Amino acid sequence: MEGAFASTIAQSLLVKLGSFAGQEFCLAWGLEADIARLEKRLSAIAAVLSDAEQKQSKNNKIRFWLNDLREILYDAEDVLDEIECETLRRQVVKTTGSTSRKVRRFFSSSNKIAFRLRMGHKIKSIIERLATISALKSEFNLSEQPIDCGHVLHEETEMNRSFESFSGLIGRDKDKERIINLLAAPSKVADAHPFVLPIVGMGGLGKTSLAKSVCDDENVKSHFDLKMEACVSDDFSLKQVIQKIIKSATGERCADLDEGELNKKLEDIMKGKKYLLLLDDVWNEDAEKWLLLKPLLSKGADGSKIIVTTRSQRVAKIMGTVAAYNLSLLGQEDCLSLFCKCAFKEGEKELYPNLVGIGKEIVAKCKQVPLAVINLGTQLYGKTDEKEWESVRDSEKWEEEGDGILPALKISYQRLPTHLKRCFLYCSVFPKDYDFVDLYLVQFWMAHWLILQSSNPNENLEDVGLRYVRELISRCFFQDYEDVIVGATFKMHDLMHDLASSLAQNEFSIISSQNHQISKTTRHLTVLDSDSFFHKTLPKFPNNFHQVRSIVFADSIVGPTCKTDFEKCLLEFKHLRFLELLDDSEFEAFPESIGALKHLRCLYFGSNTKIKRLPKSIFKLQNLQALAVTGEGLEELPKDVRHMISLRFLVLCTKQKRLPKGGIGCLECLQTLFIVECENLENLCEDMEGLKSLRKLFIAGCDSLISLPRSIKCLTTLEELFIIDCGELDLMTIEEKKEEKIQPLSLSLRIVMFEYLPATLAVPEQLLQGSAESLQTFIIGDCPNIEEMPECISNLKKLQKLRISDCPSLSKRCQKGTGEDWPKIAHIPKIKVDDDDSGEETSC
């Protein structure tokens, strides 16, 4: 990995070692002296790492030394992780008590003396290796610098700008108009069917942004019955392309359909319809593959049209039925305009003429590529120090030999703080065009110890991680950002992905139909072709998997031996921390061997519709922090989930009617809980008061849910509550009856959202009243039987935003100035009511 990041890894290790000092388990196992010696040895090396990392670019010996050191530090992380895991395991056995012989047998308690000897030996080996490598540092004349292992609070770039304005469409009006005219032209008898228009240009010109803008134009949409899109990217798979087109048209993934069934479904979707299809980022130069797809796309009505974006003129010749539209470089004046829009706060450009002059020189070096202009502009946003602008203009990266990566992107990466560099590079384990979700990505980073604790005691690791995400978005390392209140989604431009992959290449491997190689230094693995992985990579490189920490299966795991293959694969990954299955698999029960992955922190099943049962062994995973099980749902989530005492993030889809007491309600570390698409679920667990750390609760698509437990009002740490699309749910079931003594609540809710709850007759007043000192956003939508606002809303002095939609009676009562409930809500600064005559957000 570029830069080795030895100083960052050493810093997080020292923090971890410091937290171990004086711990009961270290004393009990006699490891305190070993831990202290390791900490002392590591501190001595860490003092020179900052200087070493600055000098490595001009000294290969230092670079190789840092790489060797990094391997030792990774091994040290594994040892500390093993100690932590054993501590958690013993904690579970201890808290279950002597009455639970079954639990003690389940966890097969290990010998304390044997464990202490084994760990002592491993720590001693690491200390010796550190001593050997430390002796070499004198050759490099490295200077010591102070080490800050305390809490870190990083500066955050402002995110108050619209990222749509950085789409790169400045100066593309004529291009857009020409392409629209080509699409809108009436079809002729002699025209090929389907009509295929390639848009060709180098990476970073804005081909995708332009094509999407064209497809979204009302003048274009009105000519077509159906609009679809699919990102094809590097590894062309006919099945995956068809699945993406179907998903774009219907929302269905169709992961369990075979090739013939997929073809038939696509034909049914297109039959008789005039469609517009965008095939984005096509690299395939094999004409035979296109000839297999083309007949399937000819099933639409006459006049159907396809836009293809590509960097390759050969692709354009193979696929195009008309001359390619060659997208030119952006005009110099447009580039400068785009740069200034990104670099200056509104109205400040005129205040800094010297900076504008330096900006012109920077733009000239970007060679009229919009992505480069946008990226460097956002790096300099809000910066007024001329030396900082000059450092970008005069960077040595401009002169480096071309490797396909834009120099501007390398400069942007170089300017990132170290903690963000590593987070960005780790994103290359996800395939191109991956749909990132901020909450999931943060858990991935946490699994790899990439997030450092804030100095703010009220801010936990998840909060810090979300700031990291916002910072990378504000610097345009991510794009297509969309805030959906519950979280945020975004993507990585393929050139950004190329940058991350090139810098992280010796630790990250991609298995595809063309590449079956994996090196001994591989720590993170992406599987684009599972058949190649199971039957070529695994047999050929059996000893190269023990160090792998992340694996993402982007391809479905199917075939007669898929379960056996997958089980064998799991046994190889001794130090796995992250496992994601993006696509479907043919096995209904996850392999029992998952229980051996004691380092595992994140397990995501994605839309894996066939997983019905979790193995009992999964509840041995005391280190597991994040678990996401969606699809059709588990037959049940057993009570043994309570043994997963580190779980902080849970996404659950189950076929149960009731969540049992003594299960989820015992997860004291759980911070985020999503309960989704549980169509049979009638009741949640009654012991929700046990969720002492819960901050976000999201319940959606639970059609049979009739009530919420009153214990939900005991969730004093809960900050965000979303209840959506639960047709039978009456929220008033959580309210105390009027004749009962009502205890005042002390809640921490900041955001409350109720949508499509037709059985709810009133807003739960006690819930709102209990959040009088914290509630900032309240959203009610499609709750037609809620007729009035509760009186207590006038007491919510912190409430900043109120939105009401599709609630006829309530909307009428909340009309500005004239509604009966207007006096109750008039103090709220921002109000949006759908039936308001203005149709706009009211600022009071």
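Strand β14, residues 626–634, pairs with strand β15, residues 649–654, in the parallel sense over five bridges. Within this pairing, Val629 has Leu652 of β15 as its bridge partner. I should state at once that we are looking at a predicted model.

Strand β14 also has a partner in strand β13, residues 602–604; these two run parallel and are joined by three bridges. Here Tyr604 is bridged to Ala628 of β14.

Let me turn to the nonpolar interior. The largest nonpolar core holds 127 residues, and the members that touch the most others are Trp65, Ile83, Phe339, Phe424, Leu441 and Trp445. Helix α4, residues 60–96, supplies the largest share of this core, with 11 residues. A second core, separate from this one, has 99 residues, among them Leu538, Cys726, Leu775 and Phe778.

Phe424 merits a view of its own. Leaving aside residues up to four places away in sequence, Phe424 touches Tyr413, Leu416, Leu472, Phe477, Met492, Met496, Leu499 and Ala500.

My last item is helix α16, residues 370–379. Why is α16 described as largely enclosed by the rest of the structure? The reason is that 10 of its 10 residues are buried, a state that requires under 20% relative accessible area. The buried residues of α16 include the polar-named positions Asn375, Thr378 and Gln379 alongside Leu371, Val373, Ile374 and Leu376. Put without that grouping, the buried residues of α16 are Pro370, Leu371, Ala372, Val373, Ile374, Asn375, Leu376, Gly377, Thr378 and Gln379. The elements covering them include α14 (332–343), α15 (353–365), α17 (386–393), α18 (407–414), α21 (461–474) and α22 (494–503).

Definitions and conventions:
Residues numbered from 1 in each chain as written. Predicted model: local features only at pLDDT ≥ 70, side-chain atom pairs only at ≥ 80, totals over all residues. Heavy atoms only, no water. Core = buried A, V, L, I, M, F, W, Y, C linked by side-chain atoms within 4.5 Å. Buried < 20%, exposed > 50% of the residue type's maximum accessible area, 1.4 Å probe, protein only. Helix = DSSP H or I, 4+ residues; strand = E, 2+ residues; numbered from the N terminus. Contact = heavy atoms within 4.5 Å. Pairing = 2+ DSSP bridges.
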